Amino acid sequence: MKPLFITIASCAALALASCSGNEKGNGSGTGEPAPGETKSAYIKINTKAKSRSDEATASGTTATLYSALIYFIDGSSDPVVYEIMSAAPTGADLTLAELEAGVLVEDIPSSVTQVYVVGNYDVTDANGQGADFPTDAGDPGVNSLRLSDVQDVVLDIQQVSYGRLADGTVVGNLITVMDGQSTLYVYETGDNEWNGDNALTDGDYYANVTISPVVARIEIEEISYTGTLEQFTLEGIYINNYYQQMPVGLTRLAPTNNGSNPDHYDVGDSDFAYRAYSVMYDLIGDNATGPATFTPDNGVWAYQVFGNSNPVPHIILKLTDVVAAGGASLGDRYVTVSGFADGDGDDIMSFVRNTVYKITDLAFTDADIDPLPEPTDVNVWVHVEVEPWATVIVSPII
């Protein structure tokens with residue numbers, strides 16, 4: 001029988017649906033085993049040491065992989081799952097160490113023509129709750145599990161941003177749910193698409209599965225104010241107009257917009273939204289007298305939002321104890337960022353998965369300040385640097 005080679009590779013692509021690579025055969029033509037026969041698979045990953053710590057910038061660094069579900073599927077319009085394997089440091093079908101070295105997996109059904117991988121399927125929210133991914137294949141033709149069943153699993157924004165594994169290990173917010181899909185290809189001499197360590201011969205099956213985060217990432221390096229205010233406190237940053245939940249396949253649900261009611265931006269007193277979604281705000285509490293610059297303690301203020309985010313999320317700055325020039329107390333004030341432009345000045349209409357939207361300086365003036373969040377007539381636009389969020393598979397340190 002022909003061996004099948006599969007590798008899980010790094011991804012710097014901005015969006016991922018199916019990384020097919022080329023138009024070569026996918027195992028359904030000459031050389032395909034007869035019905036009922038099986039294939040063997042070498043599965044290998046390339047690993048590097050973990051790089052940045054939590055809240056360091058993600059651009060140019062890594063979204064890390066600590067676990068994976070590997071779905072072996074056919075090539076139908078709604079692919080059927082024929083076999084599922086898990087990978088993790090311990091307690092799974094394969095360990096990450098085995099995958100790093102390369103491991104042979106035997107008896108994969110001959111009907112398999114594609115591979116779909118969900119990385120970090122077991123990350124949880126602050127309460128230890130995670131998504132319920134299927135871990136057992138159905139009986140094809142009788143009780144079939146399909147790829148759509150996997151991609152319809154609903155993720156929670158707290159889950160994909162919190163950075164805790166199901167066993168309680170906290171690994172920081174550079175860990176999030178990833179996925180990727182590839183067709184199986186037939187190796188031919190001179191083929192440059194295979195990037196694994198194993199030497200292939202003509203007729204061998206292989207697939208390079210590229211996985212990337214399902215989320216995008218907002219990073220704020222600095223906030224600055226110029227104007228006439230005598231003093232104020234930058235109480236916090238709130239992300240608004242975001243998706244609380246989204247299926248793995250990124251089919252849009254209704255976004256959450258907390259509106260113009262100031263009570264909805266008070267973590268201590270409001271049950272409206274933010275109490276349950278601590279990953280969508282930062283409480284800062286830094287005082288300023290006149291013009292001021294604010295910087296985070298650990299590199300950036302960072303927020304992960306679902307890819308396929310259209311409309312784009314908003315950023316709300318909450319100012320408290322605001323005192324105008326001359327000493328009049330103004331109470332609370334807000335700055336609403338509702339639009340983003342890239343380096344060329346073009347409007348960004350959608351936040352793309354596996355992409356970092358970096359704000360080097362969120363600058364505001366008196367003209368940008370309003371008594372209400374999300375005002376109808378005062379909205380700030382900011383320029384962002386748009387960069388791919390590199391995805392590198394790492395050896396876990398637990």
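The largest cavity in this predicted model is lined by Asn-241, Tyr-242, Tyr-243, Val-305, Phe-306, Ser-309, Pro-311, Val-312 and Pro-313. By class, seven of the lining residues are nonpolar and two are polar. None is charged. The space inside comes to about 40 Å³. The structure holds one cavity of 30 Å³ or more. Rolling a probe the size of a water molecule over the atoms shows where empty space is left.

Open space is a separate matter. The second largest pocket has a volume of about 160 Å³. Its lining counts 11 residues. Nearest the centre of this pocket lie Asp-282, Pro-296, Asp-297, Asn-298 and Trp-301. Which strand gives the largest share of the lining? Strand β19, residues 281-288, does, with four residues. Charge appears in this lining: four residues are charged, alongside five nonpolar and two polar ones. The lining of the largest cavity, by contrast, has no charged residues.

Now turn to the sheet. Six strands form an open sheet in the order β5-β4-β3-β7-β11-β14. The pairing is mixed. Strands β5 (94-95) and β14 (212-213) stand at the edges. Each edge strand has a single partner, so one side of each is left without a neighbour in the sheet. At the β14 edge, the partner is β11, residues 178-183. The two strands pair in the antiparallel sense over two bridges. Here Asp-179 stands opposite Ser-212 in β14.

Strand β3, residues 68-73, sits between β4 and β7 in the strand order. Both neighbours run antiparallel to β3. Six bridges join β3 to β4, residues 81-88. Ala-68 has Ala-87 as its bridge partner in β4. Six bridges also join β3 to β7, residues 114-119. In β7, Val-115 is the bridge partner of Phe-72.

Is β3 buried or exposed? Six of its six residues are buried, so the strand is largely enclosed by the rest of the structure. The side chains divide by direction. Ala-68, Ile-70 and Phe-72 point one way from β3. Leu-69, Tyr-71 and Ile-73 point the other way. Both sets are buried.

Aromatic rings come next. A pair of aromatic rings is described by the distance of the centres and the angle of the planes. The structure has 10 aromatic pairs. One of them joins Tyr-225 and Phe-232. Their ring centres are 5.3 Å apart and their planes stand at 85°, so the pair is edge-to-face. The cut-off for that label is an angle over 60 degrees. Tyr-225 is buried, with a relative accessible area of 1%. Phe-232 is buried too, at 2%. The two residues belong to one aromatic cluster with Phe-294 and Phe-364.

Salt bridges finish the tour. Side chains of opposite charge can pair when their charged atoms come close. The whole structure has five salt bridges. In one, Glu-219 pairs with Lys-358, and the closest N and O atoms are 2.7 Å apart. This pair links distant parts of the chain. Glu-219 lies in strand β15 (residues 215-220) and Lys-358 in strand β24 (residues 355-359), 139 residues apart. Both Glu-219 and Lys-358 are buried.

Lys-358 also forms a salt bridge with Glu-221, where the closest N and O atoms are 3.6 Å apart. Glu-221 lies in the loop between β15 and β16 (223-225), while Lys-358 is in β24, so the pair ties together parts that are 137 residues apart in sequence. The two partners differ in exposure. Lys-358 has 6% relative accessibility and counts as buried, because the cut-off is under 20%. Glu-221 is partly exposed, at 28%.

Another salt bridge joins Glu-235 to Lys-318, with the closest N and O atoms 3.6 Å apart. Glu-235 belongs to strand β17 (residues 231-240) and Lys-318 to strand β22 (residues 314-323), so the pair ties together parts that are 83 residues apart in sequence. Glu-235 is partly exposed, with a relative accessible area of 21%. Lys-318 counts as buried, at 3% relative accessibility. Shared partners also build a network: salt bridges join Arg-217, Glu-219, Glu-221 and Lys-358.

Notes: Residues numbered from 1 in each chain as written. Predicted model: local features only at pLDDT ≥ 70, side-chain atom pairs only at ≥ 80, totals over all residues. Heavy atoms only, no water. 1 Å grid on protein atoms, 1.4 Å probe; cavity = no way out; pocket = protein on both sides within 12 Å on 5 of 7 lines; lining within 4 Å. Points joined across faces, edges and corners; volume = space filled by probe spheres on them. Nonpolar A, V, L, I, M, F, W, Y, C, P; charged D, E, K, R; others polar. Phe/Tyr/Trp six-rings, centres within 6.5 Å; stacked < 30°, edge-to-face > 60°. Buried < 20%, exposed > 50% of the residue type's maximum accessible area, 1.4 Å probe, protein only. Pairing = 2+ DSSP bridges. Salt bridge = Lys/Arg side-chain N within 4 Å of Asp/Glu carboxyl O.
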